[in-house]
Amino acid sequence: MAENIQLEIVTPEKYVVSEPAQIVMAPGTLGEFGVLSGHTPFLTSLQVGKVHYKDASGKEHFVFVSGGFAEALPDRVTILAESAEREEDIDYQRAKAAYDRAQERLASQKDDLDFARAQSALQRALVRLNMVQGSSSASH
Amino acid sequence: MASLKEVKSKITGVKKTKQITKAMNMVAASKLRGAQTAMESFHPYAEKFAEVLGNIAGKAGDDVSPLLIDREEVKNVHIVLLTSDRGLCGGFNTNLIEAAEAFMEEKVSAGLNVSFTNFGKKGRNWCRKEKLTIVDEYLNVVGGKIGFNVAATSAQKFIDAFLKGEYDEVYVVFSRFVSMASQPPFVQQLLPIPVIEAAGEAQETVEEEKGYMPEHICEPSPDELLNAMLPRNVYVQLFNALLETTTSEHASRMRAMDNATKACDDMIESLTLAYNKARQAAITMELMDIVGGAEALRG
């Protein structure tokens, strides 16, 4: 196995992840990309989605990110997200509530509806829900 | 003995005040810890953000975003004033408001229109009293736990207004948390973004750390990336200002309450002295009466 690459996921509130990883997969705006150690310096914006990485022992982890930026350097990957949660920290009820709320807003057809905002809220909720459901069905 | 009773009730009163100020001091201390932690946990993000922004700003053109360009004719200035919602924190709000006022007068005397966004009740009330234009107000934000989305939402509002040409310059007045003893008010320009210095600084530190400047591949193009990052940079600045102001508020309140508690102690001491003196005088008087009466009987 090649050397590990240091993965750091930072939000304004805290460090979500800071550990060496074998491989990091992240959802770039122009498509998902994978980073291994020794990557060329690379900078991209991110979509709402999940970051997927293997830690040093080869265990897989999923982290939700609500868009942001990623910078890959040969020895580390830095992901700047406005919010990010590890899969196991996702609040299912909250995501469900946010999903319903966003649906309602989109269906209400009010004049002052901020469509882009409601839609991105919907997407965030959807990705969170999918991640939780995906992992629980896998473990059963 | 009316005066004796008066002094006594005064002592009780001061003691009760002392209890309150002491409790407030402790509450402020614990909130200060929370605020400081929030501030510290934001630092990594802010640093990384500045670093990445610095990396990319060097590559993109200077005039890629209207957020970077100074307006040739400045007519409308917008001030984001950060104060606390509550009082009893010493000169904290007064200092901030004075700074804002001085800054505003400078602009007004240059013939500019000034409008405000207020965070915090104290600044809002001042603006109302002075009949200034309040565009937006946010209460119950400073002093509590601040979400990044609050900063993002409000910053986006004035970014939009700036792009529409409603404002030509946007500043934030906030309290910088230098140390426990010093939280000076500070005026910072938010828009147009004075990015050139920030990028230069960030680049220098990166270069020092690593000794080389990596050539980034950018996806999408550097210009697009920079365009996406610049508004976020404003959120980051505003969020940082909010965190610093919150920390300063608690630090300032803690000191004010500490002083008040000490003042209470002094007062209790001098009142107790007065009380004891009066009591002693009363006893002496009574004793004199008895002795005098006994003398008279014997005589």
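Modeller: Axes are lines fitted to C-alpha atoms, for helices over the stretch in contact, and angles run from 0 to 180 degrees between N-to-C directions. This is a predicted model, in which local features need pLDDT of at least 70 and side-chain atom pairs count only at pLDDT 80 or more, while totals for chains, interfaces and linings use all residues. Residues are numbered from 1 along each chain as its sequence is written, and chains are lettered from A and ligands numbered from 1 in the order in which they are written.

Colleague: Why are α4(B) and α6(B) called oblique to each other?

Modeller: Start with the names: helices (H or I, at least four residues) and strands (E, at least two) are DSSP runs, numbered from the N terminus. Helix α6 of chain B covers residues 222-298, and α4(B) packs against α6(B) at about 125°, with axes 8 Å apart. Under 35 degrees would be roughly parallel, over 145 roughly antiparallel, and 65 to 115 roughly perpendicular; the rest is oblique. The pair's angle of about 125° is in none of those three ranges, and α4(B) and α6(B) are therefore oblique.

Colleague: What is the handedness of the crossing where α4(B) passes α6(B)?

Modeller: The crossing is right-handed. That word applies if the near helix is turned clockwise from the far one by less than a right angle; anticlockwise would be left-handed.

Colleague: Which residues of α4(B) and α6(B) meet?

Modeller: Contact requires C-beta atoms, placed from the backbone, within 7 Å. On α4(B), the residues include F148(B), A151(B), A152(B) and I159(B). Their counterparts in α6(B) include P231(B), V234(B), Y235(B) and L242(B).

Colleague: What classes make up the contact of α4(B) with α6(B)?

Modeller: There are 11 nonpolar, two polar and no charged residues. Ala, Val, Leu, Ile, Met, Phe, Trp, Tyr, Cys and Pro count as nonpolar, Asp, Glu, Lys and Arg as charged, and the others, Gly among them, as polar.

Colleague: Why is E269(B) counted as exposed?

Modeller: E269(B) belongs to helix α6 of chain B. A residue is exposed with 12 or fewer other C-beta atoms within 10 Å of its own, buried with 20 or more, and partly exposed in between. E269(B) has 10 such neighbours, so it counts as exposed. Its C-alpha atom is 9.0 Å from that of I11(B), although the two are 258 residues apart along the chain.

Colleague: Which residues of α3 are buried in chain B?

Modeller: In α3 (residues 121-129), K121(B), K122(B), G123(B), R124(B), W126(B) and C127(B) are buried. Their cover includes β1, α2 (92-109), β2 and β3 of chain B. After α3(B) comes K131(B), with a positive phi near 55°.

Colleague: What makes β3 and β5 of chain B edge strands?

Modeller: Two strands pair if DSSP finds at least two bridges between them. The open sheet has five strands in the order β3-β2-β1-β4-β5 (chain B), with mixed pairing. β3 (133-138) and β5 (185-191) each have a single partner strand, so one side of each lacks a neighbour in the sheet. The twist averages 20° from one strand to the next.

Colleague: How do you know that β4 pairs with β5(B)?

Modeller: Six bridges join β4 (residues 169-175) of chain B to β5(B), and the two run antiparallel. At least two bridges are needed, so this is a pair. Y171(B) stands opposite Q189(B).

Colleague: How do β4(A) and β6 of chain B pair?

Modeller: β6 (residues 217-219) and β4(A) pair in the parallel sense, over three bridges. T44(A) stands opposite E219(B). In total, 21 residues of chain A contact 21 residues of chain B. β4(A) gives the most to chain A's side, with four residues. By class, that side has 10 nonpolar, seven polar and four charged residues.

Colleague: What are the partners of β1 in chain A?

Modeller: β1 (residues 5-10) pairs antiparallel with β2(A) over six bridges. The two form a hairpin with four residues between them. Five bridges also join β1(A) to β6(A), which run parallel. I9(A) has a bridge partner in each: V17(A) in β2(A) and I79(A) in β6(A).

Colleague: How many helices and strands are there in chain A, and how much of the chain is buried?

Modeller: Chain A has two helices and seven strands. Its elements run β-β-β-β-β-β-β-α-α from the N terminus. Buried residues make up 34% of its 140 residues.

Methods:
Two residues are in contact if their C-beta atoms, placed from the backbone, lie within 7 Å.
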